[in-house]
Amino acid sequence: MPAASLPSDESERQELLKSLDILDTAPEPVFDQITRLTTRLLGVPIAVFSLVDKDRQWFKSRVGLDVGETSREVAFCAHAILQSAPLVVSDATADPRFEDNALVNGDPNIRFYAGVPIRSAGGHALGTLCAIDSRPRWLSAEDLQALRDLADIVTKEMHYREALAVARHSVERSGDAIAYSEARFRSVFDLASIGMAMVAPDGGWLSVNEALCRIVGYAPEELYRTTFRDITYPPDLDTDLALLRQLEAGTIDQYQLEKRYVRKDGSLVWINLNVTKKTGPDGELLYYVAAIKDIQAQKEAEAKLQALHADLETRVATRTRELNDAVAMLRSAMALQQQAEQLLKDREAELRSVIENANDAYIGLDRDGIVREWNRQAETTFGWCAGEAVGRPLDALIIPAEMGAMHRRGMARYLATGSASVLNQRLELPAVRKDGSGLTVEVRITALEVKGTTIFSAFLHDITERKALEAQREYDSRHDALTGLLNRRALTESLPIAQARSRRTGKMLGVLFIDLDGFKAVNDSHGHEAGDKLLCEIARRLQDTVRKTDSVFRLAGDEFTVLLEDMTDTYADAHAVAQKVVEQISAPVDLCGQGATVGASIGIAIFTPESSVSGADLVKEADYWMYEAKKAGRGRVLPDRRSTCLRHSP
């Protein structure tokens with residue numbers, strides 16, 4: 001078996017891997033969730049997040065494997081990190097690289113392997129996210145993309161670990177006050193209203209926020225694969241690099257310029273860039289801090305003003321007024337830029353501005369659950385002003401009374417064990433306003449350890465209206481717009497559930513397929529509006545005829561089905577209900593003073609607990625007997641009482 005060769009950047013890769021302090025650490029939920037999701041999405045028994053060390057591959061997260069590491073010599077992942085694209089091995093026994101591998105010919109008997117390299121911000125391959133099976137298989141394009149997407153999540157987390165490692169190096173030398181400020185900066189970094197980024201000395205992105213991603217049109221994981229040079233418009237790059245060299249040399253403390261980025265779609269966007277540098281105690285360059293403001297609209301406005309100035313030379317008064325407006329816009333932009341520069345110099349002031357102007361409600365809590373920060377959006381969302389909220393426990397403000405005790409227990413459990421199910425994830429929870437009205441909020445809570453104590457940061461977004469719209473869309477998708485009955489989709493979803501319930505309870509399940517006799521004649525003679533009224537009346541009669549535990553569906557046109565549950569007799573119960581339905585439907589209907597009469601032909605299909613017939617076949621069976629009833633003379637129910645089983649065996 002040929003062992004994988006060493007990457008050309010092996011020494012740098014090993015040095016970076018050790019600096020991350022991740023080898024031989026305990027499992028972490030963020031990685032375990034991804035490996036579990038990999039097994040579910042790809043249908044494989046084994047999924048691993050592997051880090052390739054000097055002489056071994058060590059598994060940070062694993063599903064389906066008992067061992068925590070293997071020799072690098074036999075590692076598939078040692079081959080995968082040499083590639084820029086995913087490594088996919090459909091059958092290892094037919095691949096000369098692996099046919100005599102100990103992991104192929106022995107436990108865990110690898111046949112299929114698919115691994116995506118996990119790379120650092122600087123491009124070093126640290127390990128892989130891989131899926132493994134003990135039988136050969138071929139990966140579809142959709143499955144491969146799913147594996148890439150999951151690997152991108154792992155990559156983003158590792159980039160975050162890199163940024164934290166850099167930040168930790170600075171924080172350890174900076175004292176408690178800077179540590180507190182840096183920790184809070186990380187918790188709200190992504191919510192800044194302008195683009196912000198931490199940039200490595202080699203130009204790679206260490207951390208970017210959502211505002212920057214919106215400006216350039218890249219997803220974070222896509223942006224991390226580039227450098228600032230890659231997205232800078234080439235004619236603007238030399239000026240930027242010249243200023244960057246001056247900043248690195250120490251001849252300037254910061255620089256600001258207007259330049260253009262190339263968006264992902266190829267279009268250009270003007271930005272105002274402000275760059276400072278972060279150095280260590282010995283003067284070594286750690287990273288750059290960049291603030292990026294989208295000034296495309298401003299540039300377009302300037303261009304329009306120049307064109308207007310040329311066209312309206314003789315209209316001095318109008319030109320002066322418009323120029324004054326332009327000056328006001330420029331002054332406003334300069335004031336915002338000066339504020340951004342000040343925010344970079346004074347981190348605490350920046351955080352306060354971001355929090356106060358955030359679109360989401362922001363609540364800061366101390367370790368006892370007492371509110372210490374309450375922004376303007378929190379005032380708008382919950383009705384409590386900051387003066388009323390600060391100093392009070394959170395459960396006395398926005399948590400429903402029935403959930404207060406659970407909230408307090410969760411706080412106590414986290415402080416005692418460090419474990420909490422609500423941290424670092426998006427949750428949808430009920431809340432209450434000052435006036436007692438309820439709402440639903442999307443919540444994201446993080447816990448920070450600062451100066452030996454715990455603080456909590458919570459961002460909350462009111463999604464009450466969105467949830468109501470989702471509920472209405474779900475209702476509309478499962479109900480017939482005309483009659484209000486459940487529709488064909490609802491029948492498709494309900495049948496397997498009813499069959500499973502039948503198997504649990506031992507009770508029979510029946511399906512009635514109903515087609516109206518004479519409906520077309522009524523529709524033709526009285527009109528479609530009368531036909532709709534007739535269908536609504538038939539729907540009402542069907543609901544009145546069956547039990548509350550039964551379900552009525554309109555499939556299309558004049559076709560209906562009834563799902564009968566908890567029947568004690570294989571056939572008699574269903575036949576009795578069907579005859580009653582025929583009688584009810586046959587009664588005359590008043591259509592705007594004119595009487596109309598229709599009939600019904602009904603087919604019956606029976607499902608017994610021991611049957612393996614699918615829901616679709618059950619409906620087909622009832623449909624078949626309905627057509628037989630029509631051919632037999634309409635107004636009938638088939639099969640007749642002498643038949644007690646399906647036309648086809650299960």
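**Exercise 1.** In this predicted model, find the bridge partner of Ser 50 in β2.

*Solution.* Start with the pair of strands: β1 covers residues 46-52 and β2 covers residues 56-63. They run antiparallel and are joined by 6 bridges. Now look across from Ser 50, and you land on Phe 59 in β2.

**Exercise 2.** Work out which strands stand at the edges of the open sheet, and why one side of each is left without a neighbour.

*Solution.* Write down the strand order: β3-β2-β1-β6-β5-β4, 6 strands with antiparallel pairing. The edges go to β3 (69-71) and β4 (87-89); each has a single partner strand, so one of its sides has no neighbour in the sheet. As for the twist, neighbouring strands are turned by 25 degrees against each other on average, ignoring direction.

**Exercise 3.** Track down the residues of the largest nonpolar core that touch the most other members, and say which element gives the most to this core.

*Solution.* The core holds 34 residues, and the ones to pick out are Leu 512, Ile 514, Ile 585 and Ile 602. Next, go through the elements that supply two or more residues, including β17 (508-517), α20 (528-545) and β22 (599-607). Of the contributors, α20 gives the most, with 6 residues. Then zoom in on Ile 602: beyond four places in sequence, its contacts include Leu 512, Ile 514, Val 581 and Trp 625.

**Exercise 4.** Decide where to be wary of the pLDDT.

*Solution.* Take the chain average, 87, with 91% of residues scoring at least 70. Then check residues 642-646, where pLDDT stays under 50. For that stretch the model has 8 contacts beyond four places in sequence.

How values were computed: Residues numbered from 1 in each chain as written. Predicted model: local features only at pLDDT ≥ 70, side-chain atom pairs only at ≥ 80, totals over all residues. Heavy atoms only, no water. Core = buried A, V, L, I, M, F, W, Y, C linked by side-chain atoms within 4.5 Å. Buried < 20%, exposed > 50% of the residue type's maximum accessible area, 1.4 Å probe, protein only. Helix = DSSP H or I, 4+ residues; strand = E, 2+ residues; numbered from the N terminus. Contact = heavy atoms within 4.5 Å. pLDDT = per-residue confidence, 0-100. Pairing = 2+ DSSP bridges. Axes fitted to C-alpha atoms, helices over the stretch in contact; angles between N-to-C directions.
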